[in-house]
Amino acid sequence: MAKTRQQWFEDAKYGLFIHWGLYSILAGEYKGRKTDRIAEWIENDFDIPVEEYEKLAAQFNPTQFDADVFVKRAKEQWGVKYIVLTAKHHEGFAMYDSKVSDFNVVKATPYGKDILKDLQLACEKYGIRMGFYYSQSQDWDDPNGYIAHKDNSGKDFQKYLDEKCKPQVKELLENYGKIGLIWFDTPMGITVAQTQELIDLVRSIQPDCLLSGRTGNQMGDYMTTGDNFIPRLPYEDTWEIPATVNDTWGYNKYDTNWKSADHIINLLLKIISRGGNYLLNVGPTADGVVPEKCVEILNEVGRYVTENSEAIYGTKTVGIYPYDIPGIEFTRRENKLYVHVLSPRIRIELLNIGNQLTGAYLVRNGQKLDYGVMRTCEGDGKIEVEIPEELHNAKNYCVCLELVEKEPIFEAIKG
Ligand code: JFZ
C-alpha cells in the first residue's frame with residue numbers, strides 16, 4: 001500500500017469505534033430473555049423474526065445524542081484520532097439517509113435525522129478522521145444477505161451485493177465527505193471477484209480510503225486482529241485491533257464488566273509498542289448516551305493519552321526487550337525511548353540496554369531527571385533514572401530517555 005495513503009492511520013494509534021443501532025434499544029434483552037453474547041447479535045442469537053425486529057425502528061429516538069458534543073469530547077478529552085460508526089451492522093439498518101433501503105434512521109424512525117451526516121460535520125469541525133463500519137456480507141434484513149449460523153443456500157448474494165451493498169457503499173462515499181476508512185466485517189461467503197468489485201467501487205470514488213482487514217479474502221489494506229486479541233509480538237505491517245471496554249459492542253444494560261482505566265492504558269501501550277492501532281468501542285444507549293462508567297474510564301485513559309501525547313501518536317514499533325518488568329511498557333520514536341511507568345517506584349532500572357543518553361525527562365511537563373548509564377559487574381548495559389520524590393507513590397506517568405542512537409539497543413540475556 002502506498003505510504004502516503006496510510007500514514008495518518010499509522011500515526012493515529014488510538015481510535016473510537018461506535019456500535020449503535022436498533023439492537024441498542026433491546027440493550028441485551030428480548031421478551032424477558034437476556035443474551036450472554038454480544039448484544040448487537042441478539043436478532044440472530046434469539047431468532048427474532050425480521051418483521052418483529054424491523055418494528056424497533058419506530059422506537060429509535062436518540063434525543064440525547066449531540067454529535068458536536070460527542071466528537072469534541074472524543075477528540076479533546078479522550079484523545080482519539082479517528083471515529084468509526086456502524087453505518088450498517090448485520091441487522092441491515094442504515095444509520096444514515098439511504099435512498100437504497102427505507103430501513104434507515106431518516107425514513108423509519110421518529111428521530112428522522114441523519115446521524116452519520118451530523119457525525120461527519122462534527123468530525124470536520126474538530127479535525128478528526130471519520131470512518132464507517134459496513135457489514136458487506138451479512139445482512140439479516142435483506143432476503144439475499146448472508147446470516148451466520150443459518151442455511152444460506154438458495155440465496156442470490158450477488159443480487160444483494162448489486163442492489164443493496166454496493167449502492168449503499170456508494171452513497172456513503174459520495175455523500176459524507178472524505179472517508180478515512182471503511183470497516184468491512186465478517187466477510188462470509190464473499191468471493192475474490194466480489195471483494196474486488198467492492199474495492200474497485202471504493203477506489204473509483206475515494207482512492208485514499210482505507211479498507212479494514214475484514215474486507216474479504218485478505219484483500220484489505222491492513223491487518224485486523226481478532227476482536228480483543230493482541231499479538232504477543234511486534235507485528236511489522238500496519239494493523240489494528242477492535243476492542244471493547246466491557247464484553248459487548250452494542251449496548252447491553254446488564255454488562256457491567258468494565259475494564260479499569262489502568263487496564264486499558266496498559267493494553268493501549270502494549271498495542272502501540274507492537275505497532276498497532278487500538279480501536280476502542282463505545283456502545284451508546286438508544287437515547288444516544290454512552291454509559292457513565294464507560295465515560296469515566298475513557299476520561300481517565302484520555303488524561304493519560306493527552307498528557308503523554310508525544311509518547312503515543314506517531315510512535316514506532318518497539319523491538320523485544322528481553323525482560324518483562326511489571327508496570328513498565330515502552331514506546332519509541334527516533335532517538336527516544338519512552339518508559340511508561342504504570343506502578344509506583346523510586347527509580348527506573350533497565351537492564352540489558354546498551355544505549356548512551358543525552359538526557360531524560362518527565363514527558364508531561366518536560367522536567368529533567370537524573371540518570372545513570374552503566375555496565376553491571378556482569379558486563380550488561382544498564383540505565384537508571386531517578387524518580388523525583390513527589391512521584392514515588394504515583395503511577396501512570398511517562399519518562400523519555402533521549403538516546404544518542406536512533407533506536408533502543410536491547411541486549412540479549414547471556415547465560
Ligand atoms: C464482528 C461482528 O460480528 C461484531 O458484531 C462486532 O461488530 C465486531 C467488531 O466484529 O465480530 C467478529 C468478527 C471477527 C472475529 C470475531 C468477532 N474474529 O475474527 O475473531
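Modeller: A residue counts as buried when its relative accessible area is under 20%. This structure is a predicted model, and the term is applied here to strand β1.

Biologist: What makes β1 largely enclosed by the rest of the structure?

Modeller: Five of the five residues of β1 are buried, so the strand is largely enclosed. Y14, L16 and I18 point one way from β1, G15 and F17 point the other way, and all are buried.

Biologist: How do you know that β1 pairs with β10 and with β4, and in which direction do the strands run?

Modeller: Two strands pair if at least two bridges are found between them. Five bridges join β1 to β10, and these strands run parallel. Four bridges join β1 to strand β4 (residues 82–88), again in parallel. As for individual positions, F17 has N281 as its bridge partner in β10, and I18 stands opposite L85 in β4.

Biologist: In what order do the strands of the open sheet lie, and which are its edge strands?

Modeller: The sheet has eight strands in the order β7-β6-β5-β4-β1-β10-β9-β8, with parallel pairing. The edge strands are β7 (210–211) and β8 (223–224), because each pairs on one side only. Elsewhere in the order, four bridges join strand β5 (residues 129–134) to strand β6 (residues 181–184), and Y133 stands opposite W183 in β6.

Biologist: Which helices lie across β10?

Modeller: Helix α10 (residues 261–273) lies across β1 (14–18), β9 (239–243) and β10 (276–282), running at about 150° to β10. Helix α11 lies across β1 and β10, and runs at about 165° to β1.

Biologist: Why are α5 and α11 called oblique to each other?

Modeller: The axes of helix α5 (residues 67–77) and helix α11 (residues 292–307) come within 8 Å and cross at roughly 45°. Angles under 35 degrees count as roughly parallel, and 65 to 115 as roughly perpendicular. The crossing angle of roughly 45° fits neither range, and the two helices are therefore oblique.

Biologist: Which residues make this contact, and of what classes are they?

Modeller: On the α5 side they are R73, E76 and Q77; on the α11 side they are V295, L298, N299, G302, R303 and T306. By class, the contact has two nonpolar, four polar and three charged residues.

Biologist: What makes strand β17 mostly covered, and which way do its residues point?

Modeller: Seven of the seven residues of β17 (residues 397–403) are buried. Y397, V399, L401 and L403 point one way, C398, C400 and E402 point the other way, and all are buried.

Biologist: How many bridges join β12 and β14 to β17?

Modeller: Six bridges join strand β12 (residues 336–341) to β17, and five join strand β14 (residues 357–362) to β17. Each of these two pairings is antiparallel. In β17, Y397 is the bridge partner of V341, while V399 stands opposite L362.

Biologist: How do you know that C123 and C209 are in no disulfide?

Modeller: A disulfide requires two cysteine sulfur atoms within 2.5 Å. For C123 the nearest cysteine sulfur, that of C209, is 14 Å away. For C209 the nearest, that of C165, is 13 Å away. Neither distance meets the cut-off, so neither residue is in a disulfide. By this rule the count for the model is zero disulfides.

Biologist: Why do C123 and C209 count as buried or exposed?

Modeller: The relative accessibility of C123 is 2%, so C123 counts as buried. C209, at 1%, counts as buried by the cut-off of under 20%.

How values were computed
Residues are numbered from 1 along each chain as its sequence is written. This is a predicted model: local features need pLDDT of at least 70, side-chain atom pairs count only at pLDDT 80 or more; totals for chains, interfaces and linings use all residues. Side-chain values use heavy atoms; hydrogens and water are left out. Axes are lines fitted to C-alpha atoms, for helices over the stretch in contact, and angles run from 0 to 180 degrees between N-to-C directions. Angles under 35 degrees count as roughly parallel, over 145 as roughly antiparallel, 65 to 115 as roughly perpendicular and the rest as oblique. Contact means heavy atoms within 4.5 Å. Ala, Val, Leu, Ile, Met, Phe, Trp, Tyr, Cys and Pro count as nonpolar, Asp, Glu, Lys and Arg as charged, and the others, Gly among them, as polar. Buried means under 20% relative accessible area, exposed over 50%, partly exposed in between (1.4 Å probe, protein chains only).
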